[in-house]
Amino acid sequence: MCQRKYALELLSESGLSGGKPALTPLEFNHKLTSIEFDKLFNKEDLSDDRLLEDRSGYQRLVGRLFYLTMTRPDIAFMVRVLSQFMYAPKQSHLGAAMRVIKYIKNNPGLGLFLPSTGSQKLVAFCDSDWGACVETRKSVTGYAVKFGDALISWKSKKQGTVSRSSAEAEFRRG
């Protein structure tokens with residue numbers, strides 16, 4: 001299952017079909033923050049990272065990316081992060097969303113593979129990080145479930161409470 005045509009339309013509409021593809025959906029150690037967080041904690045000049053004047057374009061773009069996550073678990077985490085800033089997106093958020101589109105350009109036909117033969121073994125993977133959200137210091141938990149070679153379920157979610165250690169973050173992930 002893939003959404004190749006939809007991904008190519010998204011690339012065309014965003015004007016990035018002629019651009020260079022990205023190898024990852026997010027730059028390494030890149031943290032996105034809200035304008036309120038920046039005002040409180042960042043001492044540096046933030047004039048180049050202003051709020052978008054028209055947030056509807058950003059909201060539409062993230063909504064289209066959400067639709068694509070149904071067959072693209074590789075972008076699900078990043079789209080979840082981008083969706084946290086729908087109410088007040090900044091230039092950096094739009095730049096990160098455009099990077100996701102450049103990543104999609106790298107392989108627009110990527111999707112879920114559901115083989116008709118093979119193992120009928122159910123396998124689940126789960127992991128948590130510790131305090132990954134810069135603003136709330138909450139941990140993020142993720143899981144993936146495979147039936148044989150087919151990925152059948154996945155999710156990433158910010159935990160409801162702040163963990164004081166990595167062991168506590170792992171314990172709370174359930």
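Here are a few questions and answers on the sheet and helices of this predicted model.

User: In what order do the three strands of the open sheet sit?
Analyst: The pairing in this open sheet is antiparallel. Going across the three strands, the order is E1-E2-E3.

User: Which strands stand at the edges of the sheet?
Analyst: Look for strands with a single partner, because one side of each is then left without a neighbour in the sheet. That picks out strand E1 (122-128) and strand E3 (150-158).

User: How many bridges join strand E2 to E3, and what stands opposite Tyr 143?
Analyst: Strand E2 covers residues 140-147 and runs antiparallel to E3, with eight bridges joining the two. Across from Tyr 143, in E3, you'll find Lys 155.

User: Which helix lies across E2 and E3?
Analyst: The one to look for runs at about 30° to E3. It spans residues 76-83, and it's helix H4.

User: How far apart are the end C-alpha atoms of helix H5, and what span should its residues give?
Analyst: Helix H5 (residues 91-106) has 16 residues, so at 1.5 Å a residue it should span 22 Å. The model agrees with that: the end C-alpha atoms are 23 Å apart.

User: Within what arc do the buried residues of H5 fall, and what covers them?
Analyst: The buried set in H5 is His 93, Ala 96, Ala 97, Val 100, Ile 101, Tyr 103 and Ile 104. Seen down the helix axis, they line one face, because they fall within an arc of 155°. Their cover includes helix H1 (4-14), helix H3 (55-68) and H4.

Key
Residues numbered from 1 in each chain as written. Predicted model: local features only at pLDDT ≥ 70, side-chain atom pairs only at ≥ 80, totals over all residues. Heavy atoms only, no water. Pairing = 2+ DSSP bridges. Helix = DSSP H or I, 4+ residues; strand = E, 2+ residues; numbered from the N terminus. Contact = heavy atoms within 4.5 Å. Axes fitted to C-alpha atoms, helices over the stretch in contact; angles between N-to-C directions. Expected span 1.5 Å × (residues − 1). Buried < 20%, exposed > 50% of the residue type's maximum accessible area, 1.4 Å probe, protein only. Arc of directions from axis to C-beta.
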